[in-house]
Amino acid sequence: MTPDQIHTEIEQLSEERQELWQHLSEGLDTSVQTQIKELDDRLTTLWQALRIEKARLRFGEREEIEKERENAIARRYEQLEGQLAELEGEGAKDADLSKVQKAVDKEIAAIREEYDQELDLLQRTFDEFRD
């Protein structure tokens, strides 16, 4: 269920519970008491499901972004290894290898920065809607 669907069900059950309490105020009825207890249990379950779903949305997306970032970095390091092996095979000097390494380090820093900005935006968006 989505958070909106959960909220809708919570609202419906809360209204139903309110009607049952109104009915109960007119006189003691054990069947109504049982229904209220069942609704309370269902509402407790729904509130817990809502918290879990919100956490999943928040952290699930975060984990996906972090995994994507690590994969992008790993791919770039693999490419670097191939570049360095090719350059070494061509007899490149240490200074040339160092330049390539330094350039790739800058690219990887840029990759990290890009993903960190995405994660920051995700966090700020969540914080804004949470409040």
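The following paragraphs describe the fold of a predicted model of one protein chain and the surroundings of selected residues.

The protein chain contains 3 helices and 0 strands. Read from the N terminus, its elements follow the order α-α-α. Helix H1 covers residues 3-25, helix H2 covers residues 30-89, and helix H3 covers residues 94-130.

The overall dimensions were computed from the C-alpha atoms. Along the principal axes, these atoms of the protein chain fill a box of roughly 95 × 25 × 15 Å. The radius of gyration of the protein chain is 28 Å, whereas a compact globule of 131 residues would have a value near 14 Å. Of the 131 residues in the protein chain, 24% count as buried. The exposed area of the protein chain is about 9,800 Å², and 49% of that area comes from carbon and sulfur atoms. Among contacts in the protein chain with a separation of 6 or more, 68% are made by residues 24 or more positions apart. The protein chain carries 19 positive and 35 negative charges, and the mean positions of these two sets lie 6 Å apart.

Two arginines of helix H2 were examined with respect to burial and contacts. Arg 69 is located in helix H2. Its relative accessible area is 14%, so Arg 69 is classed as buried, the cut-off being under 20%. The side chain of Arg 69 forms a polar contact of 2.9 Å with the side chain of Asp 116. When neighbours within four places in sequence are left aside, Arg 69 is in contact with Ile 111, Arg 112, Tyr 115, Asp 116 and Leu 119. Asp 116 thus appears both in the polar contact of Arg 69 and in its list of contacts.

Arg 76 also has its place in helix H2. Arg 76 is buried because its relative accessible area is 10%, which is under the 20% limit. Residues up to four places away in sequence not being counted, Arg 76 touches Gln 83, Val 104, Glu 107, Ile 108 and Ile 111. Ile 111 is therefore a contact of Arg 76 as well as one of the contacts of Arg 69.

Val 100 belongs to helix H3. Apart from neighbours within four places in sequence, the contacts of Val 100 are Leu 80, Gln 83, Leu 84 and Leu 87. Gln 83 is included among the contacts of Val 100 and also among those of Arg 76. Val 100 and Arg 51 are separated by 49 residues in sequence, and their C-alpha atoms are 48 Å apart in space.

Asp 127 is likewise part of helix H3. With a relative accessibility of 23%, Asp 127 is counted as partly exposed, because this value falls between the limits of 20% and 50%. Asp 127 and Leu 57 are 70 residues apart in sequence, while the distance between their C-alpha atoms is 13 Å.

Gln 22 was considered for helix H1, in which it is placed. The relative accessibility of Gln 22 is 51%, so this residue counts as exposed, for which a value over 50% is required. The C-alpha atoms of Gln 22 and Gln 12 are separated by 16 Å, the two residues being 10 residues apart along the chain.

Terms used:
Residues are numbered from 1 along each chain as its sequence is written. This is a predicted model: local features need pLDDT of at least 70, side-chain atom pairs count only at pLDDT 80 or more; totals for chains, interfaces and linings use all residues. Side-chain values use heavy atoms; hydrogens and water are left out. Helices (H or I, at least four residues) and strands (E, at least two) are DSSP runs, numbered from the N terminus. The radius of gyration is taken over C-alpha atoms; the globule rule is 2.2 Å times the number of residues to the power 0.38. Buried means under 20% relative accessible area, exposed over 50%, partly exposed in between (1.4 Å probe, protein chains only). Contact means heavy atoms within 4.5 Å. Accessible areas come from the Shrake-Rupley method with a 1.4 Å probe; for residues, only the protein chains shown count as cover. Lys and Arg count as positive and Asp and Glu as negative; His and the chain ends are not counted. The place of a charge is taken as NZ of Lys, CZ of Arg, CG of Asp or CD of Glu. A polar contact is a pair of N or O atoms within 3.5 Å; within protein, one must be able to donate a hydrogen and the other to accept it, and residues adjacent in sequence count only if both atoms are side-chain atoms.
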